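Got the model open in your viewer? Let's take a walk through it, one selection at a time.

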Amino acid sequence: MINRRKFLGLSAGATALSLSGLSLSANAERVKTSARIIILGAGAAGTAMANRLNENLDGAKIIIIDGRKQHFYQPGFTLIAAGLKPADYSVSQTADWLPSGVELIQEAAAEIDPDAKSVTTTSGQQVSYDYLVIATGLKLDWASIEGFDLSQVGKNGVGAVYAGPEHAANTWKAMDKFTDEGGVGLFTRPATEMKCAGAPLKYTFMTDDYARKKGTRGKVKIHYAAHSKSLFSVPIVNEKVRMLFEEREFDTVHNHVMKAIDPGKGIATFATPNGDAEMEFDFINVIPPMRAPDVIRNSPLAWSDKWMDQGWVAADKHTLRHPVYSEIFTVGDSAGVPKGKTAASVKWQVPVAMAHLIADIEGKESDASYNGYTSCPLITRIGRAMLVEFDYKNNLTPSFPGVIAPLEELWISWLMKEVALKATYNAMLRGKA
């Protein structure tokens, strides 16, 4: 057993460890170069890459292109939607995270021409590059759900945790009311690849826990519509979640993919192998299909033989380098690799892609390799979570073996999520973790 004081020591040690050993070298000289490097996207991956390249290169022209003025700490959305944090907990300014040596063009990218090595912004500005890092994140395809509009969130029992901090706050209001009054809670996930695939599960668990704490669980039914035959892609984790769902008396249906909603009637429609099926709800967490942004899908950079309807950037899964255009790398949610759409994955992807990019500048080769590391602090109740970490092979890869058991519901794992994660995330943005 570890008490809270020991945990805080462990957390501090983990953060200190995360700050070391991930740059090319703490004492290495900066690599001199006149290379022009464009980074598309100023989210977690793009910002971390900009800071790391700025620290390790001397003379490079680093340009980051993103039209968003605000930066969102997305791991905080579920905490906001659970009433544990205010909406502004996840909000900061994009420019505040960038070093003075990096140029920010606050426009979206409209076109990528990898043959001409140029990016055109929405205003028509054409920017050339020697290297391109794609970190655009992904697109929440709300339009794919017939009858849904973001203005509905917070009304008629409609929630949407992924939609943003304000929508997460409105989702909390709807969930709080639902767990007071009772009824049917309906939880879903899309059939596409998605960021933080554990989030649909954790919000289901948290809703159940609130009803139990309020003493209203007898009035609440929890229905979960899984998009496939499983609840989680890692078999051993899937079995653990299945057991918890059964223990907490959740009703689960499989191979149900949400396609439409009628908030007024409280009905969601799902595509199933046997045709369309309707499910009633008094509260629902809507999660849309997720795809690469249009600028990627309309370019020649996406995979042509897999995830074809989603448009993820083609990349070697270990080096994150494009298989055709060797000067292009991708990190974060936009990357077309089998795992890795979490902030924790970004922490390990960015140093690998940077190592190969800088080695290329120097005319060398790097042996840096990304193994698919993905982490999900899977909240199972308020104050308890499982710290699930795994790789491309679905092997569990615990960071604290013998201390934090990955498939046990622990308060230590909860504190990792609620206390330690944001500090580590912020350090990552600065290029220090």
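Before we look at how helices cross, here is the vocabulary: angles under 35 degrees count as roughly parallel, over 145 as roughly antiparallel, 65 to 115 as roughly perpendicular, and the rest as oblique. Keep in mind that this is a predicted model, where local features need pLDDT of at least 70, side-chain atom pairs count only at pLDDT 80 or more, and totals for chains, interfaces and linings use all residues. Residues are numbered from 1 along each chain as its sequence is written, and side-chain values use heavy atoms, with hydrogens and water left out.

**Stop 1: α2 and α8.** Select residues 44-56 for helix α2 and 343-361 for helix α8. (Helices are DSSP runs of H or I, at least four residues; strands are runs of E, at least two; both are numbered from the N terminus.) These two pack at an angle of about 40 degrees, with their axes 10 Å apart. Axes here are lines fitted to C-alpha atoms, for helices over the stretch in contact, and angles run from 0 to 180 degrees between N-to-C directions. That is why α2 and α8 count as oblique to each other. Now show side chains: on α2 the contact (heavy atoms within 4.5 Å) is made by A44, A45, A48, M49, R52, L53 and N56, and on α8 by V346, V350, P351, A353, M354, L357 and I358.

**Stop 2: α2 and α9.** Keep α2 and add helix α9, residues 411-429. This pair packs at about 50 degrees, with axes 7 Å apart, so α2 and α9 are oblique too. Look for A44, T47, A48 and N51 on α2, touching Y425, M428 and L429 on α9.

**Stop 3: α5.** Next, select residues 199-214, helix α5. Is it enclosed or open? Of its 16 residues, 13 are buried, so α5 is largely enclosed by the rest of the structure. (Buried means under 20% relative accessible area, exposed over 50%, partly exposed in between, with a 1.4 Å probe and protein chains only.) Just after α5 comes G215, with a positive phi near 75 degrees.

**Stop 4: two loop residues.** Go to W307, in the loop between α7 (294-297) and β22 (313-314). W307 has a positive phi of about 50 degrees although it is not a glycine, and at 18% relative accessibility it counts as buried. Finish at N394, in the loop between β26 (384-390) and α9. Phi of N394 is positive as well, near 65 degrees, while a relative accessible area of 25% makes N394 partly exposed.

Technical notes:
Expected span 1.5 Å × (residues − 1).
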